[in-house]
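Work through the exercises below with the sequence and the 3D view open. Try each task before reading its solution.

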Amino acid sequence: MIKKIVLLLVILALASCSSSKPAIATTKKAAAVQTRTAATKRSTPVKPIGKNYPSTNNTTEVIQSTSKTVVTSDLINNYVLLYKDIAMGNMKTYGIPASIILAQGILESGAGRGDLAVDANNHFGIKCHNDWLGESVRHDDDSAQECFRKYPQASESYRDHALFLVGKKRYATLFTYEKDDYKSWAKGLRAAGYATDPKYPDKLISYIERYNLHQYDCQVTGRNYVPINTSAPTKKTSYDVASDPKINMNAYDPNSYEVQKGDTLYSISKKFNLLVDDLKRKNNLTDNAISIGQRLKVK
């Protein structure tokens, strides 16, 4: 009888141990699942909240044009202060909106930090073309090692950009727009073939509106300016252009014009809405002879 009782107790003990093992295994498995779930949640990135016009409080962005350049909003603002006077001078002389000039400069040069701007003072990505007689550099763009213009000073790149637009027939439609109609100019540049990027107009307009570049158009036209992006600077910050080593003031004068290859007194007079006799009188010329590189008063 005692043996039967002992045997029964042993059987009950074995049954109890057997039934408890699955519960332990299940608990470990659940814990593992919970651990993996928690880890997944921690590793999932949080998407930033987008804005129409991000704050220009020294935010960072990548400018992709003729080269990939990482810049901050402070660098872009400094770039604008550096070249706004030249842009406004070119607007007065050639009729190109200062906002468009500055936006193209920001985009094409990476706010002055891109390879072409650093190596060749080329702020507008202008290639050599057949009529270029100056220095050049090679740079990968649409094709490998394409020829780009090189300038001794950045200011000459700004002047050449204006002459490039004025002198090419395919850009003639641009000059039928209002001087301060930056949206039409941005779309027109793309339509005329200045850039192949379908988003080129949107990029220019974005810079103009994020950094309030239209204020410089209004300074030239005398129209009232209403800021679009109130977080960007709109004050007329003074900047001593002449003291900056990057700018050659001898090469920049909105009241004069440097004679280019193929120019005549007649073509120059048409460009600046002058009579040939008036142009000769301003420059004390006794005949129609002019030379390449000669600087003529046009204002």
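The exercises that follow deal with a predicted model.

**Exercise 1.** Find how many disulfides there are, and state which residues form the bond and its handedness.

*Solution.*
Step 1. A disulfide requires two cysteine sulfur atoms within 2.5 Å.
Step 2. The sulfur atoms of Cys128 and Cys147 are 1.9 Å apart, so this pair meets the cut-off.
Step 3. The count by this rule is one disulfide.
Step 4. About the S-S bond of Cys128 and Cys147 the torsion is about -70°, and therefore the disulfide is left-handed.
Step 5. Cys128 sits in the loop between α4 (115-120) and β3 (136-139), while Cys147 belongs to strand β4 (residues 146-149), so the bond ties together parts 19 residues apart in sequence.

**Exercise 2.** Decide whether the two faces of β4 are covered or open, and describe how β4 pairs with β3.

*Solution.*
Step 1. On one side of β4 are Glu146 and Phe148, and on the other are Cys147 and Arg149.
Step 2. All four of these residues are buried, and both faces of β4 are covered.
Step 3. The strands β3 and β4 run antiparallel and are joined by four bridges.
Step 4. Opposite Phe148 in β4 stands Val137.

**Exercise 3.** Locate the bend in helix α2 and judge whether the helix is enclosed or open.

*Solution.*
Step 1. Helix α2 covers residues 73-94 and bends by about 50° at Tyr83.
Step 2. Of the 22 residues of α2, 16 are buried, so the helix is largely enclosed by the rest of the structure.
Step 3. After α2 comes Gly95, with a positive phi near 85°.

Methods: Residues are numbered from 1 along each chain as its sequence is written. This is a predicted model: local features need pLDDT of at least 70, side-chain atom pairs count only at pLDDT 80 or more; totals for chains, interfaces and linings use all residues. Side-chain values use heavy atoms; hydrogens and water are left out. Buried means under 20% relative accessible area, exposed over 50%, partly exposed in between (1.4 Å probe, protein chains only). Two strands pair if DSSP finds at least two bridges between them. The bend at a residue is the angle between axes fitted to the seven residues ending there and the seven starting there.
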